[in-house]
2 protein chains.
Amino acid sequence: MNLRLALAQLNPTVGAIGANLQQLKDAYHSAEQAQCSIIAFGELSITGYPPEDLLLKPRFIADQRAALLEFAASTTSCVAVVGVVDSDGERLFNAAAVCADGRVQHIYRKRSLPNYSVFDEKRYFTPGTEPLQLIGVNGIPVGISICEDIWVDDGPHVDLVASGAEILVSINGSPYHLDKDAEREALIADRASQLGIPICYVNQVGGQDELVFDGGSFVVDHSGELLGRAPLFTESLLITDVEIQHRESRVEPSISLGGNAAPIHADNPVLPIAESMSGDDELYEALVLGTRDYCRKNGFSDVVIGLSGGIDSTLVACVAVDALGADHVHGVAMPSRYSSDHSLTDAEALANNLGVDMRTISIEPAFAAYMEMLDPSFAGRQPGLTWENVQSRCRGQILMALSNEFGWMVLTTGNKSEAAVGYFTIYGDSVGGYAVIKDLLKLKVYDLCRLVNERAGKEVIPNNVIVKPPSAELRPDQRDDQSLPPYEVLDPILSLYVEHDRTAQDIIDAGHDPEMVSRITRLVDIAEYKRRQSPPGVRVTQKAFGKDRRVPITNGYR
Amino acid sequence: MNLRLALAQLNPTVGAIGANLQQLKDAYHSAEQAQCSIIAFGELSITGYPPEDLLLKPRFIADQRAALLEFAASTTSCVAVVGVVDSDGERLFNAAAVCADGRVQHIYRKRSLPNYSVFDEKRYFTPGTEPLQLIGVNGIPVGISICEDIWVDDGPHVDLVASGAEILVSINGSPYHLDKDAEREALIADRASQLGIPICYVNQVGGQDELVFDGGSFVVDHSGELLGRAPLFTESLLITDVEIQHRESRVEPSISLGGNAAPIHADNPVLPIAESMSGDDELYEALVLGTRDYCRKNGFSDVVIGLSGGIDSTLVACVAVDALGADHVHGVAMPSRYSSDHSLTDAEALANNLGVDMRTISIEPAFAAYMEMLDPSFAGRQPGLTWENVQSRCRGQILMALSNEFGWMVLTTGNKSEAAVGYFTIYGDSVGGYAVIKDLLKLKVYDLCRLVNERAGKEVIPNNVIVKPPSAELRPDQRDDQSLPPYEVLDPILSLYVEHDRTAQDIIDAGHDPEMVSRITRLVDIAEYKRRQSPPGVRVTQKAFGKDRRVPITNGYR
């Protein structure tokens with residue numbers, strides 16, 4: 001027997017209950033028209049995921065509940081599985097509401113609540129403990145679970161199948177990090193073949209502050225073979241016909257729904273399997289979607305970027321153009337007395353290649369003014385780093401003034417290596433609303449720049465930008481490697497210390513230079529106060545700076 | 001029978017395992033000399049509380065374990081109850097180690113893990129489930145619990161007493177908010193009288209990033225009457241003699257320790273009951289301790305403050321002087337073309353009264369430079385708010401340059417009302433390392449200024465500062481009430497929306513003006529991105545901006 005199902009890979013906005021509800025209704029209508037028997041939506045699809053402390057407002061919960069009831073009232077025989085917040089008046093549950101025939105027919109409460117990494121579900125929710133139930137859809141027993149549930153070896157899928165489920169529906173709010181999509185598909189395929197039943201996995205898509213949801217919803221059959229896959233990083237209604245193998249002793253589910261058992265038409269709306277992505281392609285698309293959604297969902301059409309001719313601002317400009325269109329990206333070159341010629345010509349060449357508006361504003365008048373204003377205080381001193389920081393902050397000032405006056409969001413251009421060691425000026429180059437490449441180590445920035453040119457089949461990014469030694473150009477002949485080790489040495493140490501929770505001693509024990517490791521890890525620790533005041537940006541690794549890494553600023557551990 | 005016990009109200013630094021260990025040893029030595037039978041330390045007293053993601057580093061756990069073993073090895077017959085991280089190799093536990101006679105004799109694992117408000121204990125710890133044990137100290141059965149445990153009605157204290165405990169020791173890492181000390185004493189007194197046994201409650205003291213621990217350790221007898229109390233906001237070793245009433249059927253504890261059963265000497269080291277505090281006095285001391293410890297623990301001796309002659313920077317300067325001493329506080333007045341005469345004279349009078357160094361740096365040269373630099377971009381426009389922001393950022397630049405050159409930390413002067421509605425300039429008046437009054441609504445700022453003068457018995461704060469209408473002075477004749485409602489109207493709405501999780505509709509339903517509420521709550525929502533880049537500061541309410549209020553920036557809920 002075949003079951004036609006739809007996976008609604010939608011892009012909700014957290015908190016926008018009305019708009020999210022409309023998305024649900026529209027997708028439901030499409031699934032109905034395609035004669036689907038089931039449609040599954042993402043985790044917390046009415047509130048968007050993660051709603052964070054909005055969940056602490058009782059009226060928010062009530063508003064969401066009203067939206068659920070409105071949606072349920074609009075359902076017919078196609079069975080909808082909707083991620084919702086459920087409440088017993090005191091406690092909240094992360095739940096799946098089964099809606100059909102005009103009402104909510106069943107609620108499943110998530111059992112495994114992730115509370116690590118970027119997840120805080122135990123802050124809000126109580127785990128479900130109710131007996132599991134199967135939902136009969138056209139007579140087929142369907143089991144439901146939510147996100148983390150299926151990652152747990154003895155999760156509810158085990159009991160659901162033991163009690164007669166012939167297909168599992170897993171609804172998810174699973175944020176992206178590099179290669180996460182492949183990880184999910186491997187796990188679910190493994191579960192399906194071990195349990196011997198098909199599994200459909202639906203995920204939300206879109207950017208929400210630091211998180212990007214990559215979508216990539218899919219269906220595997222009872223042997224774990226892929227039957228359908230929605231494209232990554234875009235909304236999609238994935239419709240798949242799944243053949244259900246009756247299990248030896250078919251169980252009659254206590255809840256029996258569905259009347260869409262009519263033979264499925266020949267004009268099959270089932271989509272082909274979308275191509276997967278990997279590595280740098282995936283990373284780049286995550287940056288684009290994260291940036292686009294942060295701007296769009298916060299009401300910004302245009303962005304402004306300080307173009308230094310360096311590798312970081314160059315990559316950010318490319319991402320911005322792909323996210324918003326060249327007409328919505330504004331570049332500003334802000335030379336100083338220490339800027340090299342190539343920094344301006346490289347920035348101009350890039351702007352020209354990308355087709356973005358660019359202006360040049362020298363920071364010299366402001367820099368000179370500050371030197372004059374501070375002269376009485378600094379008399380007799382030879383300020384070094386202070387003047388470097390002043391220059392960087394003059395640039396931040398210019399960008400923010402343009403932002404204030406024209407409503408352009410400033411995109412911050414710092415990378416993860418700089419953020420880690422504090423090689424940036426607070427209120428200077430770190431200003432902005434969104435930090436596009438904050439979670440890319442410097443070497444990865446180079447990789448993605450090369451990717452941009454490869455994909456374009458031409459030199460969008462001037463080759464000089466890629467080959468010249470990196471410099472902040474805040475004093476004569478400055479180069480990054482005067483203050484920092486080469487990125488080939490630095491990045492692996494940072495990855496161990498920041499992303500893998502190793503200590504300085506661990507890294508030394510692994511064979512890295514002791515003096516270097518001590519210096520670098522100390523730099524990371526003392527830069528925490530600066531990172532804490534940095535803008536959010538796309539998370540693409542398993543541990544980004546931000547809510548993912550909650551270290552104390554005041555920290556005596558060495 | 002009497003039991004002499006010591007409560008070690010210490011001020012650890014998170015992560016500083018070696019220094020914290022030394023504190024433990026020193027206090028233990030004092031307790032030994034005073035012939036105490038028990039000494040109790042705070043929760044996680046070797047790591048400091050809260051260690052946050054340091055707990056994810058396996059070597060940190062190992063280092064802490066080594067420190068515990070070193071401490072235990074140094075113990076004699078006086079029984080020490082020490083807050084530690086316990087590990088079973090896979091999972092971590094928030095635990096109390098009972099140390100005596102040279103080794104760890106018992107480990108109790110905390111059962112109730114708070115995961116709300118500023119607490120994230122479920123991110124790190126697994127709750128204990130082992131059978132409870134009593135510790136025999138000089139034959140007296142002692143029960144142990146940790147912080148949240150005792151707040152839960154059916155917490156371990158119930159079973160401990162049922163199984164024969166004759167005194168309870170509760171070790172805590174309980175952060176301050178207004179009147180929290182009174183709340184704790186009332187709860188514990190209630191528990192003691194209900195259970196009919198004495199309870200000793202030990203808390204850590206000191207500032208840790210946004211949190212201030214107020215100490216206020218105390219002992220109540222079996223009727224809930226106060227036997228001893230350590231002073232608030234300072235380190236103390238509270239020694240108290242507690243009379244133990246034998247319970248009808250005395251139980252023989254499985255663990256039997258202690259040899260300090262000698263009669264207690266007449267030269268009694270027992271301290272008098274320290275005075276409690278309340279209201280504004282308490283708030284003020286919390287600000288002082290939070291500021292002092294943030295500076296001290298992060299290696300700053302001196303601070304710099306922009307003195308505008310307004311009420312906010314005035315209060316911050318007073319707190320700073322009390323925290324660090326007048327010699328370590330530097331004021332800067334930064335007048336512009338829009339500054340009134342009184343802003344400079346009021347700032348000068350304050351600096352003079354406080355005895356702090358003050359300089360004046362006009363921002364005019366930099367402001368004029370930016371106007372010139374931006375003229376081509378702004379041609380034909382009449383920038384209003386943009387020029388206001390530019391002025392504020394010129395001031396931020398000056399403060400940061402002084403900070404960079406002289407190593408003075410910038411203290412940020414914004415209050416909670418401004419932070420809430422976004423009435424500040426990002427990278428302007430919000431720059432700094434620590435935001436002293438970030439959790440005080442504006443009306444409370446006035447209260448504390450009046451308190452300063454009351455306490456001093458003279459006009460430390462010029463009366464004009466308190467009576468003049470607040471203004472940002474960024475355009476001619478500007479006043480806060482041109483942009484915002486009077487603070488008497490604003491603050492109560494903010495308290496409901498921010499501190500009490502009411503929605504706009506809830507507040508309208510409570511009788512506030514609908515248009516005003518819609519406007520104010522919308523301002524709060526859209527300022528989230530600015531607050532996210534603001535410095536940390538002392539938390540003194542039950543909900544401060546910061547880790548306490550985790551709302552999405554991208555947020556469609558109205």
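Q: In the hairpin of β6(B) and β7(B), which residue takes a positive phi near 50°?
A: Let's start with a local detail of this predicted model. Strand β6 (residues 135–137) of chain B runs antiparallel to β7(B), and three bridges join them. The hairpin they form has two residues between the strands, and the one with a positive phi near 50° is B:Asn138.

Q: In β7(B), what is the bridge partner of B:Ile135?
A: Strand β6 of chain B, residues 135–137, is joined to β7(B) by three bridges. Across this antiparallel pair, B:Ile135 has as its bridge partner B:Val142.

Q: How many residues of strand β7 (residues 140–146) of chain B are buried?
A: Look at both faces of the strand: B:Ile140, B:Val142, B:Ile144 and B:Ile146 point one way, while B:Pro141, B:Gly143 and B:Ser145 point the other way, and all are buried. The strand is therefore largely enclosed by the rest of the structure, and its buried count is seven of the seven.

Q: Which residue in β8(B) does B:Ser145 stand opposite?
A: Beyond the hairpin, β7(B) also pairs in the parallel sense with strand β8 (residues 167–172) of chain B, over five bridges. In that pairing, the residue opposite B:Ser145 is B:Ser170.

Q: What is the handedness of the β-α-β unit made by β7(B), helix α4 and β8(B)?
A: The two strands of this unit are parallel neighbours, paired over five bridges. Helix α4, residues 156–162 of chain B, is the helical part of the unit, and the handedness is right-handed.

Q: Which strand of chain B is joined to β1(B) by eight bridges?
A: Strand β1 (residues 2–9) of chain B is mostly covered, with seven of its eight residues buried. One pairing of β1(B) is parallel, with strand β2 (residues 38–40) over three bridges, and there B:Leu5 stands opposite B:Ile38. In the antiparallel pairing, B:Ala6 has B:Ile239 as its bridge partner, and the strand joined by eight bridges is β14 (residues 236–243) of chain B.

Q: Through which helix does the chain cross from β1(B) to β2(B)?
A: These strands pair in the parallel sense over three bridges. The β-α-β crossover between them is right-handed, and the helix it goes through is α1(B).

Q: Is B:Ile305 buried or exposed?
A: B:Ile305 sits in strand β16 (residues 303–306) of chain B. Among the residues it touches are B:Val316, B:Val329 and B:Leu411, and its C-alpha is separated by 7.6 Å from that of B:Val329, 24 residues apart along the chain. Because 28 other C-beta atoms lie within 10 Å, B:Ile305 is buried.

Q: Which are the edge strands of the open sheet in chain A?
A: The sheet has six strands in the order β5-β4-β3-β2-β1-β14, with mixed pairing. An edge strand pairs on one side only, and here these are β5 (103–109) and β14 (236–243) of chain A.

Q: Which strands of the sheet does helix α2 (residues 58–73) of chain A touch?
A: Inside this sheet, β3 (residues 79–87) and β4 (residues 92–100) of chain A are antiparallel and joined by eight bridges, with A:Cys99 as the bridge partner of A:Ala80. Helix α2 packs on the sheet, its direction at about 160° to that of β3(A), and the strands touched are β3, β4 and β5 of chain A.

Q: How does A:Arg109 count, given its C-beta neighbours inside 10 Å?
A: A:Arg109 lies in strand β5 of chain A and touches residues including A:Asp86, A:Phe93 and A:Glu130. Because there are 19 such neighbours and a buried residue needs 20 or more, A:Arg109 counts as partly exposed.

Q: What relation do chains A and B have?
A: Chain B can be laid on chain A with an RMSD of 0.0 Å by a turn of 180° and a shift of 0.0 Å along the axis. That is the relation of a two-fold axis.

Q: Which helix gives the most to the side of chain B that touches chain A?
A: The contact takes 70 residues from each of chain B and chain A, and helices that each supply at least two residues on the chain B side include α1, α2 and α9. The copies meet through the same surface, because 100% of the interface residues of chain B are also interface residues in chain A. With 13 residues, the helix that gives the most is α10(B).

Technical notes:
Residues numbered from 1 in each chain as written. Chains lettered and ligands numbered in written order. Predicted model: local features only at pLDDT ≥ 70, side-chain atom pairs only at ≥ 80, totals over all residues. Least-squares fit on C-alpha atoms with pLDDT ≥ 70 in both. Contact = placed C-beta atoms within 7 Å. Helix = DSSP H or I, 4+ residues; strand = E, 2+ residues; numbered from the N terminus. Buried ≥ 20, exposed ≤ 12 C-beta atoms within 10 Å, placed from the backbone. Pairing = 2+ DSSP bridges. Right-handed = clockwise from strand over helix to strand, strands pointing away. Axes fitted to C-alpha atoms, helices over the stretch in contact; angles between N-to-C directions. Lists of a residue's contacts leave out its neighbours within four places in sequence.
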